[in-house]
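This briefing is intended for a reader who is new to the structure shown below. It treats strand pairing and then a patch on the surface.

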Amino acid sequence: MEVDEWTGLARNFTHVRGGGPARDRELLLAAILADGINLGLSRMAEACPGVSASALSRIATRHIREETYSKALAEIVNYHHSLKFAGHWGDGTTSSSDGQRFPTGGRGDVHGQHNARYGRDPGVNFYTHSSDQYAPFHSKLISTTVRDATYVLDGLLYHESNLRIVEHDTDTAGFTDHVFAMMHLLGFWFAPSNR
């Protein structure tokens, strides 16, 4: 609630049909917290006296979506960027991106798919863009069978924060000749590393 007071992030979780803010801010924040710490709505209801799982489910269904998370993340990043202390790490014009793999259970439909790094084991990557001020300003769930380079430009072009990224860094999975060319055409300085 304190972070919401600073940033106003809750106002971005608008109703899926009406577009208005959630009527119960505490319930909304409980549902967001349950999602963020992977507790789940049922266990969050058990941890919060007077809160039912159905009420949490209702508010999550109506207000919590990928686009509302994106807008709320931008509020947090903008607030962080405005803090004088954040300037000690950088000016917010340099960023990097990388994927973090999480294995998933079962065999699913991955028999015909192969990733040179991860093999045939099923999993997903969270591909995250972070500024030089240590603020993750864009994140996307991607398949481990797709090269990271496919999503480098997404974070630079489609984040909703006020950051004005000039230079971007990736590891070897994040660059191809096509990315070099598009970065140049779009006015970004591309600095991949061989880490």
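His129 stands opposite His138 in strand E3. The model is a predicted one, and the points below describe the strands around this pair before turning to a nonpolar surface patch.

**Strand pairing**
- Strand E3 covers residues 136-143 and is joined to E2 by 7 bridges, the two strands running antiparallel.
- E2 and E3 form a hairpin, with 4 residues between them.
- In the turn of this hairpin, Tyr134 has a positive phi of about 65°.
- E2 also pairs with strand E1 (residues 94-103), again in the antiparallel sense, over 9 bridges.
- Arg101 has Asn125 in E2 as its bridge partner.

**The two faces of E2**
- In a regular strand, side chains alternate between the two faces of the sheet.
- Strand E2 (residues 123-131) shows such an alternation: Gly123, Asn125, Tyr127, His129 and Ser131 point to one face and are buried.
- Val124, Phe126, Thr128 and Ser130 point to the other face and are not buried.

**Nonpolar surface patch**
- Leu157, Tyr158, Met182, Leu185 and Leu186 make a nonpolar surface patch of about 520 Å².
- Helix H6 (152-158) and helix H7 (177-186) are the elements that give two or more residues to this patch.
- H7 provides the largest share of the patch, with 3 residues.
- Leu157 is found in helix H6.
- Leu157 has a relative accessible area of 39%, so this residue counts as partly exposed, between the limits of 20% and 50%.

Note on methods: Residues are numbered from 1 along each chain as its sequence is written. This is a predicted model: local features need pLDDT of at least 70, side-chain atom pairs count only at pLDDT 80 or more; totals for chains, interfaces and linings use all residues. Side-chain values use heavy atoms; hydrogens and water are left out. Buried means under 20% relative accessible area, exposed over 50%, partly exposed in between (1.4 Å probe, protein chains only). Two strands pair if DSSP finds at least two bridges between them. Patches are made of residues with over 30% relative accessible area and no salt bridge: like charges are joined within 9 Å, nonpolar side chains (Val, Leu, Ile, Met, Phe, Trp, Tyr) within 5 Å. Accessible areas come from the Shrake-Rupley method with a 1.4 Å probe; for residues, only the protein chains shown count as cover. A salt bridge is a side-chain nitrogen of Lys or Arg within 4 Å of a carboxyl oxygen of Asp or Glu.
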